[in-house]
Amino acid sequence: MPVGFLSFERKVLPQDRHPLFTSYPEADFWSKSVLPLCTFEVHSVGFIEDQSTDALEVDFANKYIGGGALHRGCLQEEIRFMINPELIAGMLFLPSMADNEAIEVVGAERFCDYKGYASSFRFAGDHADKRHFDSFGRRVTRIVAIDALCSPGMKQYALKYLLRETIKAFCGFIDQSTYCQYKGLFQVKGLHEAHLYPDENDQTSRNHLELNEASSTTVETNQGASVSLPALGNSEGEGKDLPGIATGNWGCGAFGGDPELKAIIQWLAASQASRPFVLYYTFGIDALQNLDQITQWILSHEWTVRDLWNMMVEYSSQRLNGRTNLGFFAWLLPSLTSHNLSNTN
């Protein structure tokens, strides 16, 4: 019998504002955030479960965790439940996830290797799990289940559904205790949460957010007050205490999501949640062949969460209204399209 422990946590973003927790964020939360985008590393081969950085691994979940694991399903989530069968226990007591909920599981051991996907999925031998144990006796395998919209079609470009998907990912990626550090410091200094997300139209509350050389975040007000916040991750990959995110084509494939949009949504959510990096596994799909070029271009221009969110919203509005049929990457950087065409010719 394996030894050790597992923990199952239902993560919730409260609908009502709460002094100790980050609540369900509306659109202006994203459009005003000046947090930097975290680093983004693209892998065209390999699998999420094989990453070796102790990152939080994303389960492309059904709203009922486990999906068809005990029936006929054999997609990303069901495969994960087959190779880490202790996850199946959560299906007994974790009911359907609401839009403001995610589920995180820590400690599930992996017992087998596999090959294939869906109808080609096959057992490929025993797996000796070498992940180390934490102080609670759990294997350091962190899995977060987030459920995407199913068959969203064109409505996925509407602001309502962009917001839903971004908040769902943010709920899975956020560590509320980390955010409590911010809240506690604000309360001690007499500052307000809005100082992280200033209103550009309110000159009396406009603040400057910068990352200093010690990797702490300094928030300064125009009244001279300042707070140094702990290093929780930034675009240089700092903030080592908080693990990054290992993910891929969440909500795409059978669920029908736009792969380009979903990649950007997860990047926004990870950055806002102060995760230091995203490891993105494309599984070699053609739609994401320019993902590395796009993300590195964005990082080189030092975009913030606000910059990328507003650009995504503008693109989605044009796509929804029929003003463009381009994918997000081609719309954002037309030079990539012309470059690919010239290479083809």
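**Helix crossings and exposure, argued from the numbers**

Biologist: Why are helices α3 and α5 called oblique to each other?

Modeller: One caution before the reasoning: this is a predicted model. The axes of α3 and α5 cross at roughly 45°. Roughly parallel would need an angle under 35 degrees, and roughly perpendicular runs from 65 to 115. The angle fits neither class, nor the one over 145, so α3 and α5 are oblique.

Biologist: What is the hand of the crossing of α3 and α5, and within what distance do their axes come?

Modeller: The crossing is right-handed. The two axes come within 8 Å.

Biologist: Which residues make α3 and α5 meet?

Modeller: On α3 they are L162, E165, T166, A169, F170 and F173. On α5 they are L261, K262, I265, Q266, L268, A269, A270 and Q272. By class, this contact has nine nonpolar, three polar and two charged residues.

Biologist: Now α3 and α7. What makes α3 oblique to α7?

Modeller: Helix α3 spans residues 159–173 and helix α7 spans residues 305–320. Their axes come within 10 Å and cross at roughly 140°. An angle has to be over 145 to count as roughly antiparallel. The crossing does not reach that cut-off, and it lies outside the 65 to 115 range, so α3 is oblique to α7. The crossing is right-handed.

Biologist: Which residues make this contact, and how do they divide by class?

Modeller: L159, L162, L163 and T166 come from α3. W309, M312, V313 and S316 come from α7. The count by class is six nonpolar, two polar and no charged residues.

Biologist: How do you know that α5 and α7 are roughly antiparallel?

Modeller: Their axes cross at roughly 155° and come within 10 Å. The cut-off for roughly antiparallel is over 145 degrees, so α5 and α7 qualify. Their crossing is left-handed. The α5 side of the contact is L261, I264, I265, W267, L268, S271 and Q272. The α7 side is V305, L308, W309, M312, Y315 and S316. These divide into 10 nonpolar, three polar and no charged residues.

Biologist: Back to α3. Where is Y161, and what does Y161 contact away from its sequence neighbours?

Modeller: Y161 sits in helix α3. Leaving aside neighbours within four places in sequence, its contacts are L149, K155 and Q156. Y161 and L149 are 12 residues apart in sequence. From C-alpha to C-alpha they are 8.3 Å apart.

Biologist: Two cysteines next. Why is C112 called buried?

Modeller: Its relative accessibility is 13%, and buried means under 20%, so C112 counts as buried.

Biologist: And what makes C171 buried?

Modeller: C171 has a relative accessible area of 1%. That value is under the 20% cut-off too, so the label is buried.

Biologist: How many disulfides does the whole structure hold?

Modeller: Zero. A disulfide would need a pair of cysteine sulfur atoms within 2.5 Å, and the search of the whole structure finds none.

Biologist: What makes the phi of D54 worth a look?

Modeller: Phi of D54 is near 65°, a positive value, and D54 is not a glycine. Most residues other than glycine have a negative phi. D54 lies in the loop between β2 (39–43) and β3 (56–61).

Biologist: Why is D54 called partly exposed?

Modeller: Its relative accessibility is 23%. Buried needs under 20%, exposed needs over 50%, and D54 falls in between, so D54 is partly exposed.

Biologist: S274 also has a positive phi. Is S274 buried or exposed?

Modeller: Buried, because its relative accessible area of 5% is under 20%. Its phi is about 65°, although S274 is not a glycine. Its place is the loop between α5 (259–272) and β12 (277–281).

Biologist: How do you know that D241 is exposed?

Modeller: Exposed means over 50%, and D241 has a relative accessible area of 79%, so the label holds. D241 is in the loop between β10 (226–229) and β11 (245–248). Along the chain, D241 and P276 are 35 residues apart. Their C-alpha atoms are separated by 9.3 Å.

Biologist: And the whole protein: how many helices and strands, and what share of residues is buried?

Modeller: Nine helices and 12 strands. Of the 345 residues, 51% count as buried. Among contacts with a separation of 6 or more, 71% join residues 24 or more positions apart.

How values were computed:
Residues numbered from 1 in each chain as written. Predicted model: local features only at pLDDT ≥ 70, side-chain atom pairs only at ≥ 80, totals over all residues. Heavy atoms only, no water. Axes fitted to C-alpha atoms, helices over the stretch in contact; angles between N-to-C directions. Helix = DSSP H or I, 4+ residues; strand = E, 2+ residues; numbered from the N terminus. Left-handed = near helix turned anticlockwise from the far one by under 90°. Contact = heavy atoms within 4.5 Å. Nonpolar A, V, L, I, M, F, W, Y, C, P; charged D, E, K, R; others polar. Buried < 20%, exposed > 50% of the residue type's maximum accessible area, 1.4 Å probe, protein only.
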